[in-house]
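Thanks for coming. I will go through one structure today, starting with the aromatic side chains and then moving to charges and a helix.

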Amino acid sequence: MHARVRTACAALVVLGLAAGPLAGAAAASPATTVVRTADGPNAEALRAAIADLPDKNATAALVRVGGTGGSWHGSAGVRDLTTGRAALEHGRFRAGSTTKVVTAAVVLQLAAEGEVDLDGHVQTYLPGLLSDDFDPITVRQLLTFTSGLQPGISLGDADGEGFENRYKTLTPEEVVASSVTKGPAFDPGRRQAYGNIDYTVLGMLIEKVTDDSYEHQAAIRIFKPLGMQHTSFPCGSDPRIHGPHNRGYQKLTDGRLVDATEWNMSDRWAAGDMISTTADLERLLLGLFRGKVVPQPLLKKEMLTLPKVEEGEPTMSAGLQYYSKDGLILWLKSGSRPGYRTVIATTPDLSRTLVHSINATDAKAVAMNPVEERILRAAFGF
C-alpha cells in the first residue's frame, strides 16, 4: 500500500461539557450585509430564517447568498454557549463532505493533464490495495460512488457517538483495509451507494500519481488559485480548528449536549477533513461553475451528469448532488461533522448560489435541520 507523505501541514493561520438549555443562552441578532436588485436575495426572509438562534437545533448559522441579482450574507447565534458572544460571521468550521468536491476536482484536473485515466482501474494505480475478491473498479466509479466498496471501520457512530474516542487516530489506510476485508457490497457500476470510502481511496490515488500529499495538491491546485486563504486541512491528527471559529455542540443519545469542537478527523481525510469559511466555499462554487477549476468539457461530463447504473436512480455525480423541484434545478453538496453542518448549492447558471454553515446540535440527523430548511427556502424561494 502506498505510504502517505506529509510535505507540509495545510493548517493556517470544553471536553465532555454538559451545556444547559439553549433557551437560556444569550441570543445574538443577525448581522447582515445586503446588495440587492429586484430579483436578488430576499433579505427579509433570510434574516428571519436565522433570527432566533441559538435554539434547540443550532447554536449559530453563517449564510452567504449570491447570484445575478445581488448578494446577501449574514450570521446569527452565538460563538459559544458559555459566554453568549455573537457568532463570528467569517469564522472557520469543519466543512465535512464538501471536501469531496475538492477531491473530485483534483482527480479531474489530473485526468485533463493525462495523468489519470478515468476508465483506468484502481488495481492498476494502487496495486495490492484491493484483494482478488474485487472485480476491476474504475476511477470514475470511485468518483460516482458506484464502486461497490463497503464502508470501513470507524471510532463511533456518525451521529456523534464517537465522542469518547474523539482524540484517537484511525488512519485512512486502516479504514480502507477494513473495507477490503469485508469484500465488495455489489459489482462495480451496478448501483450507487454514497459513502466516504470511495473518496478515501481517491486521496490515495492522488498521492500515488503525484508523489505528493493530498493536502498539498489540494492547496496548490484549488485553494491558492481561487484565493481560498482560510481553507486548510488539519495537521495529521490535530483535533483543533485553528483561527477564529464558533464552537460546535453535539447532542448525545443520553441527552447531554457536549462541546464537539475538538475532534480528530484524520479518518475522514480526502472524504471530509477540510476546514473552511463560507466566503472561501463561495469562491470554490463560483470558480468551479465558471470553469476555472475543472475544464468545462470535463465539468459537464463528469460533475454535471449523473452516472448510468443498472439498479436504482442515482443522485450523485463526481462530487456533486443533483436536486430538482418544481422546475428548480440545483447542484449541491452537503457536509456534516459533529457540531457543524455545511451546504454549498447553486443553479446551473449561477443565477442563485448559497453557502451556509450551521452549528447544528445534531448535524447527522436523518431529518433536515429546521434551520437549514428555512435557509434553503429563503435562498431559493421554494
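Is tyrosine 322 buried, partly exposed or exposed? Before the answer, a caution: this is a predicted model. With a relative accessible area of 30%, tyrosine 322 is partly exposed, because that value falls between the 20% limit for buried and the 50% limit for exposed. Tyrosine 322 pairs with tryptophan 331. Their ring centres are 5.2 Å apart and the planes meet at 65°, an edge-to-face arrangement. Tryptophan 331 has a relative accessible area of 7%, so it is buried.

The structure has nine aromatic pairs. Another of them is tyrosine 214 with tryptophan 269: the planes are at 65° and the centres 5.6 Å apart, so this pair is edge-to-face. Here the two residues come from distant parts of the chain, 55 residues apart. Tyrosine 214 is in helix H7, residues 214–226, and tryptophan 269 is in helix H8, residues 269–272. Both residues are buried. They also belong to one aromatic cluster, together with Phe223 and Phe233.

One ring has a charge for a neighbour. Phenylalanine 163 has the charged end of arginine 166 over its ring, 3.8 Å from the ring centre.

Now the salt bridges. The count is 16, and I will show three of them and one network.

Take glutamate 113 and arginine 221, whose side chains form a salt bridge with 2.8 Å from N to O. Glutamate 113 is in the loop between helix H2 (99–112) and helix H3 (122–125), while arginine 221 is in helix H7, so to speak a long way along the chain: 108 residues separate them. Glutamate 113 is partly exposed at 46% relative accessibility, whereas arginine 221 is buried at 17%.

Next, glutamate 164 and arginine 256, where the closest N and O atoms are 3.6 Å apart. This pair also links distant parts of the chain, 92 residues apart. Glutamate 164 sits in the loop between helix H4 (139–143) and helix H5 (172–182), and arginine 256 in the loop between E5 and strand E6 (257–259). Glutamate 164 is exposed, at 57% relative accessibility; arginine 256, with a relative accessible area of 28%, is partly exposed.

Which residue forms a salt bridge with arginine 341? The partner is glutamate 372, at 3.0 Å between the closest N and O atoms. Arginine 341 belongs to strand E10 (residues 340–346) and glutamate 372 to helix H11 (residues 370–380), so the bridge ties together parts 31 residues apart in sequence. Arginine 341 is buried at 18% relative accessibility, and glutamate 372 is buried at 3%.

The network consists of Arg190, Arg191, Glu310 and Glu311, linked by salt bridges.

There is also an uncharged contact to mention. Threonine 231, in the loop between H7 and strand E5 (249–251), makes a side-chain polar contact of 2.7 Å with serine 276. Threonine 231 is buried, at 3% relative accessibility.

Last, helix H9, residues 278–289. Its twelve residues reach 17 Å from the first C-alpha to the last, close to the expected 16 Å. How many of the twelve are buried? Ten are, so H9 is largely enclosed by the rest of the structure. Among the buried residues are Asp280 and Glu282, along with Leu281, Leu284 and Leu285. After H9 comes glycine 291, which has a positive phi, near 80°.

Technical notes: Residues numbered from 1 in each chain as written. Predicted model: local features only at pLDDT ≥ 70, side-chain atom pairs only at ≥ 80, totals over all residues. Heavy atoms only, no water. Helix = DSSP H or I, 4+ residues; strand = E, 2+ residues; numbered from the N terminus. Expected span 1.5 Å × (residues − 1). Buried < 20%, exposed > 50% of the residue type's maximum accessible area, 1.4 Å probe, protein only. Phe/Tyr/Trp six-rings, centres within 6.5 Å; stacked < 30°, edge-to-face > 60°. Lys NZ or Arg CZ within 6 Å of the ring centre and 35° of its normal. Polar contact = N/O pair within 3.5 Å; in protein donor to acceptor, adjacent residues only side chain to side chain. Salt bridge = Lys/Arg side-chain N within 4 Å of Asp/Glu carboxyl O.
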